[in-house]
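Colleague: Before I use this model, I would like to ask on what grounds each label in your notes was given. Could you take me through the labels one by one?

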Amino acid sequence: MNEKATYIVMLGPPGAGKGTQAKIIAEELGLVHVSTGDLFRENLSNETELGRLAASFMNKGELVPDDVTIAMVEERLSRPDCEKGAVMDGFPRTPAQAEAFDALLEKIGGKVDMVPFITVPNQVLVERLSGRWVSRSGRVYHALYNPPIVKWVDDFDGTDLYQREDDKPETVVHRIEVYYEQTSPLIEYYQNAGTLLEIDGTQPIDRVTEEILKGAKA
Ligand code: AP5
């Protein structure tokens, strides 16, 4: 148990910039970036059973079942590198996951400290996801808004970038619908808990970061 652990939950629709911000914020605050999407994709590239199961939902734009996701997060947060806390990216994503997360944090003496809720209009989300290029290690670029120095090449390790399977336009539209149906109830959940911080995600990346850090240090 660590009394000083900090837990930040990034909330917002697919393409709002949760992953982009979570990486920066985690580094700034010395926390671990825990992305459930990245954990599923890692399992898929390692050809695990969990990876195959997750892909069968992800490729259709559906959510992976709660019990599978919660167990995976519990295991990840039990590792020593999470002792100071984590920036959660893509989790929780349903009311059942939010309740399970609160219960898990209570067990280890923590709580959700802040929930940056990044808002972006739907048409911008589609544009962002269709131009997104990612690295195998989870770094995120955009063909126009956040391009790498060399097209399709990761600035940091020189490996090839790729487009995610679930960034095809028809899957993107369904992911946004799933967000409104299953994840948007969390806005009220965290509003009631007094931890929600709404941020205009149409601002440049560094402005969004500034607002989140201001909230974290307040
Ligand atoms: P996941 O990987 O979590 O995807 P997502 O939530 O759909 O979010 P994205 O990664 O698409 O977007 P983002 O908000 O992180 O935006 P990004 O920073 O990349 O989940 C994928 C799938 O896994 C789910 O559909 C589900 O199947 C499964 N899954 C994951 N977690 C689960 C859970 N808890 N329960 C059940 N299933 C789960 O930015 C997008 C683009 O915009 C980038 O190109 C970026 O460079 C650009 N950009 C970012 N910010 C700005 C800005 N301010 N201005 C201009 N461009 C910007």
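Modeller: Let me begin with the residue classes: Asp, Glu, Lys and Arg count as charged, Ala, Val, Leu, Ile, Met, Phe, Trp, Tyr, Cys and Pro as nonpolar, and the others, Gly among them, as polar. Under that division the lining of the second largest pocket, in what is a predicted model, holds 5 nonpolar, 4 polar and 4 charged residues.

Colleague: Which residues lie nearest the centre of that second largest pocket, and how many residues line it?

Modeller: The lining has 13 residues, and those nearest the centre are Thr20, Lys23, Ile24, Arg139 and Phe156. The pocket holds about 380 Å³ of space. Helix H1 (18–29) and strand E6 (140–142) each supply at least two of the lining residues, and the greatest contribution is that of H1, with 5 residues.

Colleague: What makes a residue part of the shell around the ligand, and which residues are the closest?

Modeller: A residue belongs there if one of its heavy atoms lies within 4 Å of the ligand, and 36 residues surround the ligand, the closest being Thr20, Thr36, Glu62, Arg132 and Arg175. H1, helix H2 (36–45), helix H6 (122–130) and E6 each give at least two residues to this shell, with H2 giving the most, 4 residues. By class, the shell has 14 nonpolar, 13 polar and 9 charged residues.

Colleague: What makes the approach of Thr36 to the ligand a polar contact?

Modeller: A polar side-chain atom of Thr36 lies 2.7 Å from a nitrogen atom of the ligand, and since the limit for a pair of N or O atoms is 3.5 Å, the pair qualifies. The side chain of Arg93 has an N or O atom 2.7 Å from an oxygen atom of the ligand, while at Ala16 a polar backbone atom is 3.2 Å from a ligand oxygen. Of the 1,000 Å² of accessible area that the ligand has on its own, the protein covers 96%.

Colleague: Why is the pairing of Asp38 with Arg41 called a salt bridge?

Modeller: The closest N and O atoms of Asp38 and Arg41 are 2.9 Å apart, and the rule asks for a side-chain nitrogen of Lys or Arg within 4 Å of a carboxyl oxygen of Asp or Glu, so the label applies. Both residues lie in helix H2, 3 residues apart, about one turn of the helix. Asp113 and Lys111 also form a salt bridge, at 2.8 Å from N to O, and the count by this rule comes to 14 salt bridges.

Colleague: How do you know which form the peptide bond from Phe91 to Pro92 takes, and what is noted about phi of Glu47?

Modeller: Omega of the bond from Phe91 to Pro92 is near -5°, and the bond is cis; Pro92 is found in the loop between strand E3 (85–89) and helix H5 (95–107). Glu47, in the loop between H2 and helix H3 (49–58), has a positive phi near 55° although Glu47 is not a glycine. Both features are noted because most peptide bonds are trans and most residues other than glycine have a negative phi.

Technical notes: Residues are numbered from 1 along each chain as its sequence is written. This is a predicted model: local features need pLDDT of at least 70, side-chain atom pairs count only at pLDDT 80 or more; totals for chains, interfaces and linings use all residues. Side-chain values use heavy atoms; hydrogens and water are left out. On a 1 Å grid over the protein atoms alone, a cavity is a set of points where a 1.4 Å probe fits but cannot get out, and a pocket is an open set with protein on both sides within 12 Å along at least five of seven lines; lining residues have an atom within 4 Å of a point. Grid points are joined across faces, edges and corners, and a volume is the space filled by probe spheres set on the points. A polar contact is a pair of N or O atoms within 3.5 Å; within protein, one must be able to donate a hydrogen and the other to accept it, and residues adjacent in sequence count only if both atoms are side-chain atoms. Accessible areas come from the Shrake-Rupley method with a 1.4 Å probe; for residues, only the protein chains shown count as cover.
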